[in-house]
Amino acid sequence: MFLVGLTGGIASGKSTVSTMLAKFGCPIIDADVIARQVVEPNTPAWRLIVKHFGREFLLADRTIDRPKLAACIFGDEKKRKLLNSCTHPFIQKEMMWQVFVNFIKGHQFVILDIPLLLEGSKLLKYIHRVVVVYCNGTTQIQRLMQRNNLSEEDALKRIKSQMNLEEKKQMADFVIENSYGLEETKQQVERLLCNLRHSKAHLLVRVPLIMILIFISLISIIFIYYYA
């Protein structure tokens, strides 16, 4: 099995592509979903957030007030790194566990949906193929303004707080151009899947593992035959 990293920029359409891949039957491990799970009340990450940021960032049901916390760390590199230190180890641990589960199930590859994959994620070194969902700057601003009800100035601030999409595009093995209609995006996703399904990269892991298991089995048989 090999790992495919799916990333993009804010409002570039990564979630749309991830949904398409899931509908085509690809196993998806979504970092955003896991990020919500690891900060549920009384989890280790939740306790660390409360310890470092205070109970004023809790809602009435004791869940994290995510918009308030996001506003607190926006533009503050020190606070952002502190929050990441509270959550990222638990997110990465859960993602690797889900990778292992999918490996046991025999999947050829797994999609890791990670928004900040190219911004220093420790999981990048395990990724065999990087897929970047791209859209042009004008489209990105318009989508973000409409989706989050933001002014153009605020939308630009959000976009500039992340790595530029043009930079991510240069680091990609595959680029999904998502500036236009859904049908064009779907056709690109289908071509991506065709490429991934024809890859033999999973054999680089599976064949050696099978050989190891066969070797262990032979040793066990010899041991039982001579010493049982």
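Two strands pair if DSSP finds at least two bridges between them. Helices (H or I, at least four residues) and strands (E, at least two) are DSSP runs, numbered from the N terminus.

Some ground rules before we start. This is a predicted model, in which local features need pLDDT of at least 70, side-chain atom pairs count only at pLDDT 80 or more, and totals for chains, interfaces and linings use all residues. Residues are numbered from 1 along each chain as its sequence is written, and side-chain values use heavy atoms, with hydrogens and water left out.

**Exercise 1. Find the partners of β1.**
Which residue in β4 is the bridge partner of V4?

Solution.
- Start with β4 (residues 129–134): β1 and β4 run parallel and are joined by five bridges. Within β4, V4 has R129 as its bridge partner.
- Now turn to β3 (residues 109–113), which also pairs with β1 in the parallel sense, over five bridges. Here L3 is matched with V110.

**Exercise 2. Lay out the sheet.**
In what order do the five strands of the open sheet lie?

Solution.
- The order is β2-β3-β1-β4-β5, with parallel pairing.
- At the edges are β2 (28–30) and β5 (174–177), each pairing on one side only.
- From one strand to the next, the twist averages 20° (angles run from 0 to 180 degrees between N-to-C directions, and axes are lines fitted to C-alpha atoms, for helices over the stretch in contact).
- To check an edge, take β2: three bridges join this strand to β3, and I29 has L112 as its bridge partner.

**Exercise 3. Look at both faces of β1.**
Are the residues of β1 buried or exposed?

Solution.
- Buried means under 20% relative accessible area, exposed over 50%, and partly exposed in between (1.4 Å probe, protein chains only).
- By that cut-off, seven of the seven residues in β1 (residues 2–8) are buried.
- In a regular strand the side chains alternate between the two faces of the sheet.
- One side of β1 holds F2, V4, L6 and G8, the other L3, G5 and T7, and all are buried.

**Exercise 4. Place two helices on the sheet.**
Which strands does helix α1 touch?

Solution.
- Contact means heavy atoms within 4.5 Å.
- Helix α1 (residues 14–23) packs on the sheet and touches β1, β2, β3, β4 and β5. The direction of α1 makes about 145° with that of β1.
- Helix α9 (residues 182–197) lies across β1, β3, β4 and β5, and runs at about 160° to β5.
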